[in-house]
Amino acid sequence: MILGIETSCDETSVALLDSDGTVRVNLIASQIERHRPFGGVVPEIASREHLQHLFPLVSRALDDAHASWGDIEKIAVTAGPGLIGALLVGVAGAQGLSYALGVPLIAVNHLEGHLFSPYLQRDGASVPLPDRFLSLVISGGHSSIYDVRGGEVTMLNRTRDDAIGETFDKVAKFIGLPYPGGPQIEQHALAGKIDRDRFAFPMPQFKDPSVDFSYSGIKAEAIRIARQQKIRIDGDPRALSDFCATFQEALFAQLFDRLDTIWSTLRKPMPTEVVMAGGVAANGTLRDKMTAWGERRGVIVRLPEKRYCTDNAAMIAFAGLQRTAVAGDPRRVTARSRVA
Ligand code: KG4
Ligand code: ZN
């Protein structure tokens with residue numbers, strides 16, 4: 001059994017997975033309520049909360065899985081990127097446990113965790129990794145498309161400024177919606193209609209030939225429009241819903257614009273699957289759009305369960321398993337992996 005530990009941001013999470021990747025237990029102690037009054041994550045509070053919750057959560061995970069300390073064969077922990085104080089709590093805890101139990105410790109890149117999360121096994125059903133797939137990692141801190149080929153990870157693009165989730169959060173905060181803003185905007189958008197004449201958000205293009213993302217232009221325009229048209233949580237509810245629907249649509253349009261361009265430049269053998277991961281992948285409207293995209297292209301689209309989209313330790317343990325898969329297995333993540 002592998003123990004996974006995730007403390008990179010504002011969720012303390014602990015998971016136990018069988019060696020075939022089946023999730024036995026995945027516990028998450030969310031700190032959202034503690035950070036909400038500040039409109040974003042306060043690093044010092046995050047570290048202290050992790051310190052308080054980590055070990056009780058490990059004990060509870062063992063109880064829930066009807067397992068004991070001796071059943072832990074290895075430990076995977078998020079080593080970065082993330083808030084340094086928060087990461088340190090998880091890493092130090094994992095090091096201590098690894099030493100005490102005499103089991104190996106695997107340092108996992110948080111993005112690798114998201115990247116493979118659509119392949120997490122549920123209910124014991126096997127989801128094998130294909131030889132080549134594209135993974136869109138879209139979260140509060142990252143927006144990138146990766147090409148995963150024979151277990152080797154290559155980053156194809158990234159954001160030049162804000163991440164997509166960060167853009168959701170910052171615009172939501174400006175109009176008075178509580179943190180985290182993504183799910184809030186999604187909810188309001190459901191009641192609204194897309195009106196590009198009223199809210200004209202830009203589609204960024206660069207002078208150089210690049211498929212990078214850029215969200216700061218949409219963010220600045222959204223804030224300008226919201227200020228000018230008095231879009232507020234306590235303002236006209238229709239205007240708020242329409243604004244959210246059009247804003248969200250513009251964020252997603254850029255995702256698909258870049259995905260289309262990347263797809264058209266790939267050489268054979270083409271990826272057989274496209275997957276989405278990270279907090280923004282929990283967005284229902286985006287999930288429907290992605291599924292439709294796959295149907296148009298004849299590509300399998302794999303979406304992680306919503307509980308595996310936002311930060312969780314199951315995905316960290318799963319990435320740890322991929323790393324330590326038998327040498328020679330093409331699905332393992334090699335030392336050459338470049339997940340930035
Ligand atoms: O992956 P995650 O939990 O943490 C990071 O690694 O960043 O992602 C959190 C981000 C936040 O920006 C949050 O607003 C966004 O994911 N998010 C969503 C939704 N649920 C979470 N964005 C849009 N729609 C959602 N339903
Ligand atoms: Zn994350």
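Which residues coordinate the zinc ion (ligand 2)? His110, His114 and Asp311 do so, at 2.0 to 2.2 Å. The model is predicted. Three topics follow: the metal site, a five-stranded sheet with its helices, and the salt bridges.

**Zinc site**

- The two histidines, His110 and His114, each bind the zinc ion (ligand 2) through NE2, while Asp311 binds through OD.
- Along the chain, the donors of this ion are spaced as H-x3-H-x196-D.
- Both His110 and His114 belong to helix α4, which covers residues 110-116. They sit four residues apart, about one turn of the helix.
- His110 has a relative accessible area of 7% and is buried. His114 is buried too, with a value of 1%. Both figures fall under the 20% cut-off for the buried class.
- The site has four donor atoms, and the angles among them run from 93 to 140°. Its geometry is irregular.
- Four donors count as tetrahedral only if all angles lie between 85 and 135 degrees, so the upper value of 140° rules that class out.
- For four tetrahedral donors, the ideal angle is 109.5 degrees.

**Sheet and packed helices**

- An open sheet is built from five strands, ordered β8-β7-β6-β9-β10, with mixed pairing.
- The edges are held by β8 (152-157) and β10 (300-302). Each has a single partner strand, so one side of each has no neighbour in the sheet.
- On average, neighbouring strands of this sheet are turned by 25° against each other, direction ignored.
- β10 pairs with strand β9 (residues 273-277) in the parallel sense, over three bridges. Within this part of the sheet, Glu273 has Ile300 of β10 as its bridge partner.
- Helix α8, residues 237-265, packs on the sheet. It touches β6 (132-138), β7 (143-149), β8 and β9. The direction of α8 makes about 160° with that of β6.
- Helix α9, residues 284-297, lies across β6, β9 and β10. The angle between α9 and β9 is about 170°.

**Salt bridges**

- How many salt bridges does the structure hold? The count is 24.
- Side chains of opposite charge can pair when their charged atoms come close.
- One of these pairs is Arg160 with Asp212, whose closest N and O atoms are 2.9 Å apart.
- Arg160 lies in the loop between β8 and α5 (164-174). Asp212 lies in the loop between α6 (181-190) and α7 (216-228). The pair therefore ties together parts that are 52 residues apart in sequence.
- Is Asp212 buried or exposed? Asp212 is buried, at 15% relative accessible area, whereas Arg160 is partly exposed at 40%.
- Lys170 takes part in a salt bridge with Asp162, at 2.9 Å from N to O. Lys170 also meets Glu166 in a salt bridge, at 2.8 Å from N to O.
- Lys170 and Glu166 are both in helix α5, four residues apart, about one turn of the helix.
- Asp162 is buried at 7% relative accessibility. Lys170 is partly exposed at 34%, and Glu166 is partly exposed at 24%.
- Shared partners link further salt bridges into one network, made up of Lys193, Asp195, Arg198, Arg238 and Asp242.

Key
Residues numbered from 1 in each chain as written. Chains lettered and ligands numbered in written order. Predicted model: local features only at pLDDT ≥ 70, side-chain atom pairs only at ≥ 80, totals over all residues. Heavy atoms only, no water. Donors = N, O, S within 2.8 Å, 3.2 Å for Na, K, Ca; no water. Tetrahedral: all angles 85-135°; square planar, octahedral: opposite > 155°, others 65-115°. Helix = DSSP H or I, 4+ residues; strand = E, 2+ residues; numbered from the N terminus. Buried < 20%, exposed > 50% of the residue type's maximum accessible area, 1.4 Å probe, protein only. Pairing = 2+ DSSP bridges. Axes fitted to C-alpha atoms, helices over the stretch in contact; angles between N-to-C directions. Contact = heavy atoms within 4.5 Å. Salt bridge = Lys/Arg side-chain N within 4 Å of Asp/Glu carboxyl O.
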